[in-house]
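Work through the exercises below with the structure open. Try each task before you read its solution.

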Amino acid sequence: NKLQEGSVSTVMASYWGSSQYTKWGNKIKEKKDKEKEGALHNPHDRTYLDSDEIFKARAYFSELIQRLGRCIQLRQRVVATAIVYFRRFYSSNSFIEYDPRLIAPTCLYLASKVEECITHASIFEKAMLNIGNAALSCTADGSIYNEYSTDREWPYNMNTILEGEYQVLEDMDFYLILYHPYRPLVQLLADGHLGDILETAWHLVNDTYCTDIVLLYHPYIIALACILIAGHRQGINIRPWFATLHVDMKEVWVVAEELLDFYTRWAAVDESQLLAIRHKIMEQWRPAAITSK
């Protein structure tokens with residue numbers, strides 16, 4: 001593979017030997033081979049939510065982590081790591097067993113430590129308390145407000161976040177180091193002299209974290225798919241450059257199609273649908289091993 005032998009080899013070399021590829025890559029591939037639609041959906045969640053509702057719930061909480069991260073001014077890499085933790089966790093656990101209102105901020109706080117971008121606990125807790133039982137919203141100036149709930153409705157605090165951390169760590173077998181598409185994206189664009197589409201491609205990569213794409217495909221494949229879409233959107237012919245990479249374009253096209261499909265599906269989602277799904281989850285919810293004491 002010329003891509004692996006070329007300019008991004010130093011970026012990807014460590015990835016091929018990482019737990020993300022050797023452990024999680026094989027685990028995810030087994031699930032994907034068995035079942036295309038909903039391969040990473042927990043069987044328990046399918047008893048009360050259909051595949052589309054699970055997709056919306058996971059996308060909702062992924063987007064919520066992104067907005068919470070922006071409000072606390074965490075780096076995008078921290079947010080990306082948190083979303084992968086969250087999606088990994090719920091590929092083997094159910095919303096019934098573990099309240100996503102707790103697991104989502106727990107993953108973000110854990111990621112901030114792993115990525116060495118720790119925020120003060122009191123700042124994190126204040127932001128977390130505004131999630132409540134409904135959507136986290138950020139105003140244009142970055143402040144947080146919640147029109148649906150009050151602080152007293154929120155059942156968790158920093159003590160429960162720290163308790164929740166161990167559950168997440170144990171579930172992931174303490175494999176925490178992740179490789180994201182951002183670095184290969186920047187290097188690929190630099191090598192192809194395609195800097196004009198960096199901003200568009202970067203935002204596309206951000207959006208892949210609202211899908212299972214980040215669990216199912218290698219970082220460089222995701223980067224290439226986002227470059228493909230960005231080039232098309234900006235009217236830049238990048239096919240000659242792709243031809244020099246000697247990459248199997250099948251997976252690149254699959255990722256591009258899955259991301260475009262996400263945009264179509266997510267554009268049709270409104271707040272009432274998300275509220276209905278959250279109510280379904282809460283109706284099924286029972287106290288798990290992680291509870292406030």
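Helices and strands here are DSSP runs, numbered from the N terminus; a helix needs at least four residues and a strand at least two. The model is predicted.

**Exercise 1. Take stock of the chain.**
State how many helices and strands the chain has, and what share of its residues is buried.

Solution.
- Step 1: count the elements. The chain holds 15 helices and two strands.
- Step 2: apply the burial cut-off. Buried means under 20% relative accessible area. By that rule, 53% of the 293 residues are buried.
- Step 3: look at the surface. About 13600 Å² is exposed, and carbon and sulfur atoms supply 52% of it.
- Step 4: look at sequence range. Take the contacts between residues at least 6 apart in sequence; 76% of them join residues at least 24 apart.

**Exercise 2. Describe how α6 packs on α7.**
Find the angle, the axis distance, the handedness and the residues of the contact.

Solution.
- Step 1: recall what to report. Two packed helices are described by the angle between their axes and the distance between the axes.
- Step 2: read both values. Helix α6 spans residues 100-114 and helix α7 spans residues 121-129; their angle is about 155 degrees, and their axes lie 11 Å apart.
- Step 3: classify the angle. Angles over 145 degrees count as roughly antiparallel. Therefore α6 and α7 are roughly antiparallel to each other.
- Step 4: add the handedness. The α6 and α7 crossing is right-handed.
- Step 5: list the contact. From α6 come Pro105, Leu108 and Tyr109; from α7 come Ala121, Phe124 and Met128.
- Step 6: sort by class. This contact of α6 with α7 has six nonpolar residues, no polar and no charged ones.

**Exercise 3. Do the same for α10 and α14.**
Which residues meet, and at what angle do the helices pack?

Solution.
- Step 1: read the geometry. Helix α10 (residues 198-208) packs with α14 at an angle of about 75 degrees, with the axes 10 Å apart.
- Step 2: classify. The range from 65 to 115 degrees counts as roughly perpendicular. So α10 and α14 are roughly perpendicular to each other.
- Step 3: name the residues. Leu204, Asp207 and Thr208 of α10 meet Leu259, Phe262 and Tyr263 of α14.
- Step 4: sort by class. The contact of α10 with α14 has four nonpolar residues, one polar and one charged.

**Exercise 4. Place two residues, Met249 and Ile123.**
Give the helix, the exposure class and a partner in space for Met249 and for Ile123.

Solution.
- Step 1: Met249 lies in helix α14, residues 249-267. Its relative accessibility is 21%, so Met249 counts as partly exposed.
- Step 2: Ala225 is 24 residues from Met249 in sequence, and the C-alpha to C-alpha distance is 9.1 Å.
- Step 3: Ile123 belongs to helix α7. With a relative accessible area of 48%, Ile123 is partly exposed.
- Step 4: Ile72 is 51 residues from Ile123 in sequence, yet the C-alpha to C-alpha distance is 7.6 Å.

**Exercise 5. Check two phi angles.**
Where are Phe174 and His193 found, and what are their phi values?

Solution.
- Step 1: recall the background. Most residues other than glycine have a negative phi.
- Step 2: Phe174 has a positive phi of about 65 degrees, and it is not a glycine. Phe174 sits in the loop between α8 (158-171) and α9 (182-191). Its relative accessible area is 45%, so Phe174 is partly exposed.
- Step 3: His193 has a positive phi of about 55 degrees and is not a glycine. His193 sits in the loop between α9 and α10. At 73% relative accessibility, His193 is exposed.

Definitions and conventions:
Residues are numbered from 1 along each chain as its sequence is written. This is a predicted model: local features need pLDDT of at least 70, side-chain atom pairs count only at pLDDT 80 or more; totals for chains, interfaces and linings use all residues. Side-chain values use heavy atoms; hydrogens and water are left out. Buried means under 20% relative accessible area, exposed over 50%, partly exposed in between (1.4 Å probe, protein chains only). Contact means heavy atoms within 4.5 Å. Accessible areas come from the Shrake-Rupley method with a 1.4 Å probe; for residues, only the protein chains shown count as cover. Axes are lines fitted to C-alpha atoms, for helices over the stretch in contact, and angles run from 0 to 180 degrees between N-to-C directions. Angles under 35 degrees count as roughly parallel, over 145 as roughly antiparallel, 65 to 115 as roughly perpendicular and the rest as oblique. A crossing is left-handed if the near helix is turned anticlockwise from the far one by less than a right angle, and right-handed if clockwise. Ala, Val, Leu, Ile, Met, Phe, Trp, Tyr, Cys and Pro count as nonpolar, Asp, Glu, Lys and Arg as charged, and the others, Gly among them, as polar.
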